[in-house]
Amino acid sequence: MDKDEAASLVRAQRDFFLSGATRDLDFRIFHLEKLGQVFKRREAEMYRAVRQDMGRAELETFFMEVFSNQEELEHALKNLHDWTRPRREKTPTLFFRSQSMIHPEPFGVALIISAWNFPLL
């Protein structure tokens, strides 16, 4: 991917984020579940690719990459409602007649940097 393609991809991702679609909790749950389905459906291909690229045994790939990703997805799906729930926060004395709340929201576009020897992780 060259510089222009990368810039175009990031711009498209930012535009999509700014559309507000990622704020919806059901949208996030749907896509996490979809990612988990793709991981299961393509598991054999992942083993072959890692074996071909690095000569790593299937069992090691399972524990170090496939299983750990599945666990992270399950953890996120289990906790997403709690993580996104608005919660009260202490209000400064100056604003004693007010209530303070934190409303967790997605940050936006993120760059994920991964170790070359664990490409799925």
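**Reasoning through a four-helix, two-strand model**

Mentor: The cover over the buried residues of α2 includes α3 and α4, and since this is a predicted model, each label we use should be argued from its computed value.

Trainee: Which residues of α2 are buried, and what makes us say that they line one face of the helix?

Mentor: R28, I29, G36 and F39 are the buried residues of α2. Viewed down the helix axis, the buried residues of α2 fall within an arc of 100 degrees, and therefore they line one face. On the other side of α2, D26 and R41 are exposed, a label that requires over 50% relative accessible area.

Trainee: How do you know that the length of α2 agrees with what its residue count leads one to expect?

Mentor: The 17 residues of α2, at 1.5 Å a residue, should span 24 Å, and the C-alpha atoms at its ends are 24 Å apart, so the two values agree.

Trainee: What does the corresponding check give for α3, which runs over residues 43-54?

Mentor: For the 12 residues of α3 the expected span is 16 Å, and its end C-alpha atoms lie 16 Å apart, so here too expectation and model agree. The buried residues of α3 are E43, M46, Y47 and V50. Down the axis of α3, its buried residues occupy an arc within 100 degrees, which means that they line one face of the helix. R48 and Q52 are exposed on the other side of α3, while the cover over its buried residues includes α2 and α4 (58-84). Just after α3 comes G55, which takes a positive phi of about 70 degrees.

Trainee: Why is N69 called buried, and which residues is it in contact with, leaving aside its neighbours within four places in sequence?

Mentor: N69 has a relative accessible area of 14%, and buried means under 20%, so N69 is buried. N69 has its place in helix α4, and, with its neighbours within four places in sequence left aside, it is in contact with F39, L120 and L121.

Trainee: Why is the pair R23 and E105 called a salt bridge?

Mentor: The rule asks for a side-chain nitrogen of Lys or Arg within 4 Å of a carboxyl oxygen of Asp or Glu, and the N to O distance between R23 and E105 is 2.8 Å, so the pair qualifies. This pair links distant parts of the chain, with R23 in the loop between α1 (3-18) and α2 (25-41) and E105 in the segment after β2 (100-102), 82 residues apart. E105 itself, at 44% relative accessibility, counts as partly exposed. By the rule just applied, the count comes to 5 salt bridges.

Trainee: What makes R56 and E60 a salt bridge?

Mentor: The closest N and O atoms of R56 and E60 are 3.9 Å apart, and the limit is 4 Å, so this pair also satisfies the rule. E60 is partly exposed at 41% relative accessible area. R56 also forms a salt bridge with E65, where the closest N and O atoms are 2.6 Å apart. Salt bridges that share partners join R56, E60 and E65 into one network.

Trainee: Are R56 and E65 buried or exposed, and how do you know?

Mentor: Set against the limit of under 20%, R56 is buried at 8%, and E65 is buried at 0%.

Trainee: How do you know whether the protein as a whole matches a compact globule of 121 residues?

Mentor: Such a globule would have a radius of gyration near 14 Å, but the protein has 20 Å, and along the principal axes its C-alpha atoms fill a box of roughly 65 × 35 × 25 Å. From the N terminus on, the elements run α-α-α-α-β-β.

Trainee: What do the burial, contact and surface totals say about this protein?

Mentor: Of its 121 residues, 19% count as buried. Among contacts between residues at least 6 apart in sequence, 51% join residues at least 24 apart. The accessible surface comes to about 10,000 Å², of which 57% belongs to carbon and sulfur atoms.

Notes: Residues are numbered from 1 along each chain as its sequence is written. This is a predicted model: local features need pLDDT of at least 70, side-chain atom pairs count only at pLDDT 80 or more; totals for chains, interfaces and linings use all residues. Side-chain values use heavy atoms; hydrogens and water are left out. Buried means under 20% relative accessible area, exposed over 50%, partly exposed in between (1.4 Å probe, protein chains only). The expected span of a helix is 1.5 Å times one less than its number of residues. The arc is that of the directions from the helix axis to the C-beta atoms. Contact means heavy atoms within 4.5 Å. The radius of gyration is taken over C-alpha atoms; the globule rule is 2.2 Å times the number of residues to the power 0.38. Accessible areas come from the Shrake-Rupley method with a 1.4 Å probe; for residues, only the protein chains shown count as cover.
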